[in-house]
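This briefing is meant to be read alongside the sequence and the coordinates. Please keep both in view while going through the points below.

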Amino acid sequence: GVAISTYAKYCYNKLQKAALTGAKKGLKKPNIEEIRHAKNAVFNPSMFGSSLQDIISMQKERYPDRQLPWVQTRLSEEVLALNGDQTEGIFRVPGDIDEVNALKLQVDQWKIPTGLEDPHVPASLLKLWYRELEEPLIPHEFYEQCITHYENPEAAIAVVHSLPRINKMVLCYLIRFLQVFVQPANVAVTKMDVNNLAMVMAPNCLRCQSDDPRIIFENTRKEMSFIRVLIQHLDTSFMEGVL
């Protein structure tokens, strides 16, 4: 009883994304559970590749009082629970791709399986969630301001506070999370200082829309610097206890 146009629109959107990101990564073929999940995805949208507003709407029934996406906070908590802040190369070293795919399937069913051992797996999935947001975490209309003020802490912080509320909250949660990892005692073990964290996280927050390789190359440095300035200077104390 579902209009064919519903399926057509969904498949068209999936094809567009596949054209950009390529086929499913990993050695294992999709299992029965993944296929069943994919068949139902048109009726149960994924938390990956959706907009922040849609993700908040998805969780309204389960978590009506949450201000932040459950997927963001739960995966962040899992990274820390597995001692990710004491793991060398966290956010730089990828988790096993088949384990990441398996965790993604579980998360889309609102589950975090017990028995996870490698913090690189939830860390990789967390990065993927940010990267696959339908609209970048810092929306396109703020991009030029970001790369203009990449060395000016006061102006960079002003950009953050001018973002739409949900984007601001999600970004501030991310920065507060990253500020845990830049504590000197943690950096000594992880080897991931503020520069390394900014380098791996900037592409998940900002997206350059230019096709010119020179502009992309030049802006990459500015994107990293902008995120580094936020990690170093943004006061995120107001996010304490916010979920």
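Thr-236 is buried in this predicted model, because its relative accessible area is 2% and the cut-off for a buried residue is under 20%. In sequence, Thr-236 belongs to the segment that comes after α12, the helix spanning 213–233. Once its neighbours within four places in sequence are set aside, the residues in contact with Thr-236 are Cys-172, Ile-175, Arg-176 and Gln-179.

**Overall fold and surface**

- The chain contains 12 helices and zero strands, and its pattern, followed along the sequence, is accordingly written α-α-α-α-α-α-α-α-α-α-α-α.
- Of the 243 residues in the chain, 45% are buried, while the accessible surface of the chain amounts to about 13100 Å², with 54% of that area belonging to carbon and sulfur atoms.
- Among the contacts in the chain with a separation of 6 or more, 79% are accounted for by residues 24 or more positions apart.

**Packing of α8 against α12**

- Helix α8, which covers residues 153–161, packs with α12 at an angle of about 90°, and the axes of the two helices are 10 Å apart.
- Because angles of 65 to 115 degrees count as roughly perpendicular, α8 and α12 are described as roughly perpendicular to each other.
- On the α8 side the contact is made by Pro-153, Ala-156, Ile-157, Val-159 and Val-160, and on the α12 side by Phe-226, Val-229, Leu-230 and His-233.
- Sorted by residue class, the contact of α8 with α12 comprises eight nonpolar residues, one polar residue and no charged residues.

**Salt bridges**

- The structure holds six salt bridges, and one of them joins the side chains of Lys-104 and Glu-132, with an N to O distance of 3.7 Å.
- This pair links distant parts of the chain, since Lys-104 lies in helix α5 (residues 97–107) and Glu-132 in helix α6 (residues 120–132), with their positions 28 residues apart in the numbering.
- Lys-104 is partly exposed, having a relative accessible area of 22%, and Glu-132 likewise counts as partly exposed, at 25% relative accessibility.
- A salt bridge also connects the side chains of Asp-212 and Arg-214, at 3.3 Å from N to O; of these two residues, Asp-212 counts as partly exposed with 23% relative accessibility, whereas Arg-214 is exposed with a relative accessible area of 66%.

**The salt-bridge network in α12**

- Glu-218 forms a salt bridge with Lys-222, and the closest N and O atoms of this pair are 4.0 Å apart, a value to be read against the cut-off of within 4 Å.
- Why are Glu-218 and Lys-222 separated by about one helical turn? The two residues are four residues apart in helix α12, and therefore about one helical turn separates them.
- Glu-218 counts as partly exposed, at 33% relative accessibility, whereas Lys-222 is buried, because its relative accessible area is 18% and the buried class takes in values under 20%.
- Glu-218 and Lys-222 are also part of a wider arrangement, in which Glu-218, Arg-221 and Lys-222 are linked in a network of salt bridges.

Notes
Residues are numbered from 1 along each chain as its sequence is written. This is a predicted model: local features need pLDDT of at least 70, side-chain atom pairs count only at pLDDT 80 or more; totals for chains, interfaces and linings use all residues. Side-chain values use heavy atoms; hydrogens and water are left out. Buried means under 20% relative accessible area, exposed over 50%, partly exposed in between (1.4 Å probe, protein chains only). Contact means heavy atoms within 4.5 Å. Accessible areas come from the Shrake-Rupley method with a 1.4 Å probe; for residues, only the protein chains shown count as cover. Axes are lines fitted to C-alpha atoms, for helices over the stretch in contact, and angles run from 0 to 180 degrees between N-to-C directions. Angles under 35 degrees count as roughly parallel, over 145 as roughly antiparallel, 65 to 115 as roughly perpendicular and the rest as oblique. Ala, Val, Leu, Ile, Met, Phe, Trp, Tyr, Cys and Pro count as nonpolar, Asp, Glu, Lys and Arg as charged, and the others, Gly among them, as polar.
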